[in-house]
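Morning, everyone. Please look at the screen, and we'll walk through this together.

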Amino acid sequence: MMIRKIVLGSALAFFSSFAAAAAPAMKPEDAKTKLAIELMQIVHYDRTMQAMQSQIRLTMEKQYDDYAKCDVALPIVREFSSKVGDKIAIGFGSEEMKIDVASAYAEVFGEDELREIIAFYQSPLGKKLLDRMPELAQKSVQISQDRMKSMMPELKQLGEEYGPRIRQAAETCNAAAPTTAAK
């Protein structure tokens, strides 16, 4: 249960970091950014974001599996997962997000490099890679899940070992907080 709380807390922190940056001003589209947007279209950025939304929804439902076993809780868990997925889809699918991602590509790659990457993905081998990418991603996810399953006993042990220590440290900090604030 402690590991589930840690994972859920990490997931919520991860998502809230996106929420905090969800409404940046749109950046001007220079030549490199336009090339990066073209590359994102070629590599099916939108489809990837939709797949991520579905995966996040499933992950959220799995986080609450213990609660979802109850007939009363299951619809609430599904509704929550759906709403989280929808919010993420809106944030990740926004034009601002696309331009921010494209700007990151434009910062990392030069104009000629972006053209070469685009040419690669438009080549027969590049197209084959794109076509096989969902299969590769699925296999990678399965490998990761299998590895996590094998690590769970050790992670659980670490959670049990560190959980009380973390709670104790937090209680010490909370107890010291009024003293620190008084100074």
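Which residues in helix 3 are buried? Before I answer, one caution: this is a predicted model. Now the answer. Tyr-45, Met-49, Gln-53, Ile-56, Met-60 and Gln-63 are buried in helix 3. They sit on the same side of helix 3, because they cover an arc of only 95° around the axis. Here is the general rule behind that. An α-helix has 3.6 residues a turn, so residues three or four places apart point the same way.

Next, the length of helix 3. It runs over residues 45-63, which is 19 residues. At 1.5 Å a residue, helix 3 should span 27 Å. Its end C-alpha atoms are 26 Å apart, so the two values agree.

Let's repeat that check on helix 6. This one covers residues 95-108, 14 residues in all. The expected span is 20 Å at 1.5 Å a residue. The end C-alpha atoms of helix 6 are 20 Å apart, which agrees. What is buried in helix 6? The list is Met-97, Lys-98, Ile-99, Val-101, Ala-102, Ser-103 and Ala-106.

Now step back to the whole chain. How many helices and strands does the protein chain have? Eight helices, zero strands. Read along the sequence, the pattern is α-α-α-α-α-α-α-α.

The chain has 183 residues, and 22% of them count as buried. About 13,000 Å² of the chain is exposed, with carbon and sulfur atoms supplying 61% of that area.

Last, contacts. Take those with a separation of 6 or more in the protein chain. Residues 24 or more positions apart account for 79% of them.

Key: Residues are numbered from 1 along each chain as its sequence is written. This is a predicted model: local features need pLDDT of at least 70, side-chain atom pairs count only at pLDDT 80 or more; totals for chains, interfaces and linings use all residues. Side-chain values use heavy atoms; hydrogens and water are left out. Helices (H or I, at least four residues) and strands (E, at least two) are DSSP runs, numbered from the N terminus. The expected span of a helix is 1.5 Å times one less than its number of residues. Buried means under 20% relative accessible area, exposed over 50%, partly exposed in between (1.4 Å probe, protein chains only). Contact means heavy atoms within 4.5 Å. Accessible areas come from the Shrake-Rupley method with a 1.4 Å probe; for residues, only the protein chains shown count as cover. The arc is that of the directions from the helix axis to the C-beta atoms.
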